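Reader: I have a new model open and would like to learn how to read it. Could you walk me through it, feature by feature?

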Amino acid sequence: MQPQEELIREIVRRVMTQTSGQSKQRDSSGAMLIHTASVTTEPFEGRSDVRLCDLTTLAEAPRMGAGLMELLDGADFEWTLTYDEYDYVMEGTLEIVLDSGTVLVGQPGDVLYIPKNTHIHFRTPKETRYVYFVYPANWQ
């Protein structure tokens, strides 16, 4: 194969990969469909047992944020929320340990709510995957 043909094939392969693997469909109105099965998470704050990916940007959704988080086997992740958050459990078991000692246990299909300024531990006995929704979106 000639070098130019190889280059063309590589460009076509990249374009096909990028368009077939897109996780979002956007409309000019701002409406979106997010395919969470095609979302790839990345290690969060250098941890190997906590992975996440923001699903929307502030430009796409300036009032509400969303992301996908994965906790690997035995993860225990301490956090203080500076926003209101809902968590929808897709796979596994998500445990939210509150300072009061209460443990909220979410299974697939469950929704957990955590109010702003709550100090918690996200914990899981086995791999867990969930979507989080935060308000306001510009929590940083």
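Reader: Let me begin at the surface. Which residues form a nonpolar patch there?

Author: Happy to start there, and please keep in mind that this is a predicted model. The nonpolar patch on the surface is formed by Met64, Tyr86, Tyr88, Val111, Tyr113, Phe133 and Tyr135, and together these residues have about 710 Å² of accessible area. Strands S7 (84-91), S10 (111-114) and S12 (128-135) are the elements that each give two or more residues to this patch.

Reader: Tyr135 caught my eye. What kind of peptide bond joins Tyr135 and Pro136?

Author: A cis peptide bond, with omega about 0°. Tyr135 lies in strand S12, while Pro136 is found in the segment after S12.

Reader: Now the overall fold. How many helices and strands are there in the chain?

Author: The chain has one helix and 12 strands. Along the sequence the helix comes at the start of the pattern, and the strands follow it. Of the 140 residues, 31% count as buried.

Reader: How should I read a sheet, and in what order do the strands of the four-stranded one run?

Author: The general idea is that strands of a sheet pair through backbone hydrogen bonds, either parallel or antiparallel. Here the sheet is open, with antiparallel pairing and the order S6-S11-S8-S9. Strands S6 (76-80) and S9 (103-106) stand at the edges with a single partner strand each, so one side of each has no neighbour in the sheet. On average, neighbouring strands of this sheet are turned by 20° against each other, direction ignored.

Reader: Could we zoom in on one pair? Over how many bridges do S8 and S9 pair?

Author: Strand S8 (residues 94-98) pairs with S9 over four bridges, in the antiparallel sense. Within this pair, Ile96 stands opposite Leu104 in S9.

Reader: On to charges. How many salt bridges are there, and which residue does Arg123 meet in one?

Author: The count comes to six salt bridges. Arg123 meets Glu95, at 2.7 Å from N to O. This pair links distant parts of the chain, with Arg123 in strand S11 and Glu95 in strand S8, 28 residues apart. Glu95 is buried, because its relative accessible area of 15% falls under the 20% cut-off. Arg123 counts as partly exposed at 29%.

Reader: Which residues are joined into one network by salt bridges that share partners?

Author: Lys24, Arg26 and Glu60. In the bridge between Arg26 and Glu60, the closest N and O atoms are 2.2 Å apart. Arg26 sits in strand S1 (residues 24-26) and Glu60 in the loop between S4 and strand S5 (65-71), with the two positions 34 residues apart in sequence numbering. Arg26 is exposed at 56% relative accessibility, whereas Glu60 is partly exposed at 22%.

Reader: And Glu70: is its side chain buried or exposed?

Author: Glu70 is buried, with a relative accessible area of 12%. Glu70 forms a salt bridge with Arg51, the closest N and O atoms being 4.0 Å apart. A polar contact of 2.5 Å also joins the side chains of Glu70 and Thr41. Thr41, in the loop between strands S2 (32-34) and S3 (42-43), is buried as well, at 5%.

Reader: One last feature, the backbone angles. What is phi of Glu45, and what is phi of Asn117?

Author: Glu45 has a positive phi of about 50° although it is not a glycine, and phi of Asn117 is near 70°. Glu45 lies in the loop between S3 and strand S4 (50-54), and Asn117 in the loop between S10 and strand S11 (119-123). Glu45 is exposed at 57%, and Asn117 is exposed at 58%.

Key. Residues are numbered from 1 along each chain as its sequence is written. This is a predicted model: local features need pLDDT of at least 70, side-chain atom pairs count only at pLDDT 80 or more; totals for chains, interfaces and linings use all residues. Side-chain values use heavy atoms; hydrogens and water are left out. Two strands pair if DSSP finds at least two bridges between them. Axes are lines fitted to C-alpha atoms, for helices over the stretch in contact, and angles run from 0 to 180 degrees between N-to-C directions. Patches are made of residues with over 30% relative accessible area and no salt bridge: like charges are joined within 9 Å, nonpolar side chains (Val, Leu, Ile, Met, Phe, Trp, Tyr) within 5 Å. Accessible areas come from the Shrake-Rupley method with a 1.4 Å probe; for residues, only the protein chains shown count as cover. A salt bridge is a side-chain nitrogen of Lys or Arg within 4 Å of a carboxyl oxygen of Asp or Glu. Buried means under 20% relative accessible area, exposed over 50%, partly exposed in between (1.4 Å probe, protein chains only). A polar contact is a pair of N or O atoms within 3.5 Å; within protein, one must be able to donate a hydrogen and the other to accept it, and residues adjacent in sequence count only if both atoms are side-chain atoms.
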